[in-house]
Amino acid sequence: MTPKIRIHLADDHQVLIDGLSNLLQTVSNFEVVGTSLDGTTVYDDVMKDKADVLILDISMPKKDGIEVLKEFNEKEMPCKAIILSSYDDLKIIKEVMKLGAKGYLLKNCAGENIIEAVEAVYQGQEYFSDSVREKIFNTFRDNPKLNQNAIIENPILSPREIEIIILIALEYSGTEISKKLFISSHTVETHRKNIMKKLNIKSTIGLVKYALKNNLINP
């Protein structure tokens, strides 16, 4: 029997919580195990509920989403958090990703993406709304070697893995990639190893060849 993914919802709007809860519980292996309306209770609530995934509003009262993530970090408790926000502000995205958030969804499209986001984050992947991913991607799009017409889709690789390949092919270092995508150097290295395993590629040169062959960058 497939174990249920235990989900905790933290938002100060009960209507949003109810809507997301109803949507999430249409998935047979999802279980909404608790909710929080106040940022000061999120940490204790998540620990009590033994939640696998936290869906967290960035604008919680008394203690906002960033402060909540800091609390998890200070107490050295890993948290697979998906941030809900009304803003695609790169400074906020950068801050929450540094604090360990695994996903970032805009509220205006949360209903469309939340199920896929929970599944991805639970499996250790990252997940961003399309507009957020595009905004991040635009931070390095002005590189003349990047093929502006490249289709950033692949049945084997995730959009994030495609971005990693492009940046490696453009000769960005692991540290530079982590800064561009607002993720840790460890996460970059994990992505790189997963990509090489998926594509059966043995070296960085092989990744560059893949990028060229698939028209991700210009020669």
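This briefing describes the fold, the helix contacts and some single residues of one protein chain.

The model is predicted. The chain has 219 residues, and 47% of them are buried. Its secondary structure comes to 10 helices and six strands. Of the contacts between residues at least 6 apart in sequence, 63% join residues that are at least 24 apart. No disulfides are present in the structure.

**Helix H1 with helix H5**

- Helix H1 covers residues 14-24 and helix H5 covers residues 110-122.
- The axes of H1 and H5 come within 10 Å and cross at roughly 55°.
- At that angle H1 and H5 count as oblique to each other, because the crossing is neither under 35 degrees, nor over 145, nor in the range 65 to 115.
- H1 passes H5 in a right-handed crossing.
- From H1, Leu 20, Leu 23 and Leu 24 take part in the contact, and from H5, Gly 111, Ile 114, Ile 115 and Val 118.
- By class, six of the residues in the contact of H1 with H5 are nonpolar, one is polar and none is charged.
- Gly 111 of H5 is the polar one, because Gly counts as polar in this classification.

**Helix H2 with helix H3**

- Helix H2 spans residues 42-49, and helix H3 spans residues 65-74.
- H2 and H3 pack with their axes 9 Å apart, at an angle of about 55°.
- The pair H2 and H3 is therefore oblique.
- On the H2 side the contact is made by Val 42, Tyr 43, Val 46 and Met 47, and on the H3 side by Val 68, Glu 71 and Phe 72.
- The contact of H2 with H3 divides into six nonpolar residues, no polar residues and one charged residue.
- The charged residue is Glu 71 of H3, because Glu belongs to the charged class.

**Helix H7 with helix H9**

- Helix H7 runs over residues 159-169 and helix H9 over residues 185-199.
- Their axes come within 10 Å and cross at roughly 100°.
- H7 is therefore roughly perpendicular to H9, since angles from 65 to 115 degrees fall in that class.
- H7 brings Arg 160, Glu 161, Ile 164, Ile 165 and Ile 168 to the contact.
- H9 brings His 191, Arg 192, Asn 194, Ile 195, Lys 198 and Leu 199.
- The contact of H7 with H9 has five nonpolar, two polar and four charged residues.

**Asp 57 and its surroundings**

- Asp 57 lies in strand S3, which spans residues 53-57.
- With a relative accessible area of 2%, Asp 57 is buried, because the cut-off for buried is under 20%.
- Apart from its neighbours within four places in sequence, Asp 57 is in contact with Ala 10, Asp 11, Asp 12, Gly 65, Leu 84 and Lys 107.
- Asp 12 is 45 residues away from Asp 57 along the chain, and their C-alpha atoms are separated by 7.8 Å.

**Loop residues**

- Thr 41 sits in the loop between strand S2 (30-36) and helix H2 (42-49).
- Thr 41 has a relative accessible area of 28% and so counts as partly exposed.
- Thr 41 and Lys 63 are 22 residues apart in sequence, and the distance between them is 8.9 Å, C-alpha to C-alpha.
- Lys 50 is placed in the loop between H2 and strand S3.
- Its phi is near 55°, a positive value in a residue other than glycine.
- Lys 50 is exposed because its relative accessibility is 63%, and the cut-off for exposed is over 50%.
- Glu 76 belongs to the loop between helix H3 (65-74) and strand S4 (81-85).
- Glu 76, a residue other than glycine, has a positive phi, near 55°.
- The relative accessible area of Glu 76 is 68%, so this residue is exposed.

**Cysteines**

- Cys 79 has a relative accessibility of 14% and therefore counts as buried.
- Cys 109 is buried because its relative accessibility is 13%.
- A disulfide is a covalent bond between the sulfur atoms of two cysteines.
- The structure holds zero disulfides.

Conventions
Residues numbered from 1 in each chain as written. Predicted model: local features only at pLDDT ≥ 70, side-chain atom pairs only at ≥ 80, totals over all residues. Heavy atoms only, no water. Disulfide = S-S within 2.5 Å. Buried < 20%, exposed > 50% of the residue type's maximum accessible area, 1.4 Å probe, protein only. Axes fitted to C-alpha atoms, helices over the stretch in contact; angles between N-to-C directions. Helix = DSSP H or I, 4+ residues; strand = E, 2+ residues; numbered from the N terminus. Left-handed = near helix turned anticlockwise from the far one by under 90°. Contact = heavy atoms within 4.5 Å.
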